[in-house]
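Let's take a walk through the aromatic side chains of this one. Pull up the model and follow along.

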Amino acid sequence: MCTTSTPKPTSPNRRGVPGKKCGTILLTAEELSNCRDIATMQLCANKLDKKDFFGKSDPFLVFYRSNEDGTFTICHKTEVVKNTLNPVWQPFSIPVRALCNGDYDRTVKIDVYDWDRDGSHDFIGEFTTSYRELSKAQNQFTVYEVLNPRKKCKKKKYVNSGTVTLLSFSVDSEFTFVDYIKGGTQLNFTVAIDFTASNGNPLQPTSLHYMSPYQLSAYAMALKAVGEIIQDYDSDKLFPAYGFGAKLPPEGRISHQFPLNNNDEDPNCVGIEGVLESYFQSLRTVQLYGPTYFAPVINQVARAAAKISDGSQYYVLLIITDGVISDMTQTKEAIVSASSLPMSIIIVGVGPAMFEAMEELDGDDVRVSSRGRYAERDIVQFVPFRDYVDRSGNQVLSMARLAKDVLAEIPEQLLSYMRTRDIQPRPPANSSPTPAPEQP
């Protein structure tokens, strides 16, 4: 389907030069196909025309998809290969939707240019093909003549302006998060809660752990908001839940990884309500202390994730904390190591702290590194809970906002792991029973 809007000149009361037409804007749209294939190809060229007075040419390719109305739209540009008439371009991937919108016989036009620093790139020539023709390169090299229409008209002995060879072509399916869930991939949810003294006495209303009979604390809201959504992707609804930074009875031992249900052999809680119940019970029995260590619980979940690498299990660790991390070096090391595993980490910050360290762990702008090693993937998502608190005091709305953002990166993080390991989703109809998850 192709739709075109009626062009309208810019009116004098809008931006532009008063009283003058400033041009027209033409919008065209085409319905996208649901094709999810990704094409990967590599091309080289031979004996291209020399365009630079000093030196040779600096060639690059521009791919155009033909539209239903006969026009062309740029869909890809290769890198520039400097000072050569026989360039070899790097392999690149492009969605088949972008290349031909799923129409295998639609024309794909490819222009060859000589790059110029001032942007006035010199046209070397062009050729046309189609997705169907490109796909033949899966079995054989395909050679295209590069033709310059002007030269062809002016010179009787003109043959071509060089050739371009398609060296390789392959197609892979682009799978979605839902494809893996339908294929049986389970999300295994683990909780770790900050029990350090900086949270305040749980019996006092000023505490972030305050157990009010009228409303949930910030910790409980964050746990409930994330857990109630993610539990639907976990078939057994059994969630390991830990606390860190507390003194445990009876001897007052400081622990950075104690089961909330007080069961070292089986830290699982039944459903999110079971996690909340164990959390409230721990608040009544342990002494809030410190310091704030993340690395032990991250490593605990990582050990479980390392045992299953076939894509059937993916681990999500939720850490809820109020303050400055005390083992930053060890935590970075743990995150870098865990980035190669089927695992993601969600950190929710509660309270008024600035959380600069948490932003550093998030890795959206700069990938987390430790001792010269960089994280293989971005697996950490940090959000400050205060950004999602509804000003009217509506806790349901606050939790909905938090859950939406805090879980937003999980699908792409799961997909990034599956792609790096070349794991495809199992067909729903023929999938074998999913093995039981390893418990952290």
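Start with K109: its charged end sits over the ring of Y64, 4.4 Å from the ring centre. The charged end of K109 also sits over the ring of F72, this time 5.5 Å from the centre. Bear in mind that you're looking at a predicted model.

Now for rings meeting rings. A search through the whole structure turns up 15 aromatic pairs. One of them is F127 with Y144, whose centres are 4.8 Å apart and whose planes differ by 20 degrees, and that makes the pair stacked. What does this pair tie together? F127 belongs to strand 8 (residues 122–130) and Y144 to strand 9 (residues 142–145), so the contact links parts 17 residues apart in sequence. As for burial, F127 has a relative accessible area of 6% and is buried. Y144 counts as buried too, at 5% relative accessibility.

For another geometry, jump to F244 and F294. Their ring centres are 5.7 Å apart with the planes at 80 degrees, and since over 60 degrees counts as edge-to-face, that's what this pair is. F244 sits in strand 12 (residues 238–244), while F294 is in the loop between strand 17 (287–288) and helix 7 (295–306), so here the pair ties together parts that are 50 residues apart in sequence. Are these two rings' residues buried or exposed? Both F244 and F294 are buried.

Last stop: a group of rings. F195, F258, Y279 and F280 form one aromatic cluster, so select those four together in your viewer.

How values were computed
Residues numbered from 1 in each chain as written. Predicted model: local features only at pLDDT ≥ 70, side-chain atom pairs only at ≥ 80, totals over all residues. Heavy atoms only, no water. Phe/Tyr/Trp six-rings, centres within 6.5 Å; stacked < 30°, edge-to-face > 60°. Helix = DSSP H or I, 4+ residues; strand = E, 2+ residues; numbered from the N terminus. Buried < 20%, exposed > 50% of the residue type's maximum accessible area, 1.4 Å probe, protein only. Lys NZ or Arg CZ within 6 Å of the ring centre and 35° of its normal.
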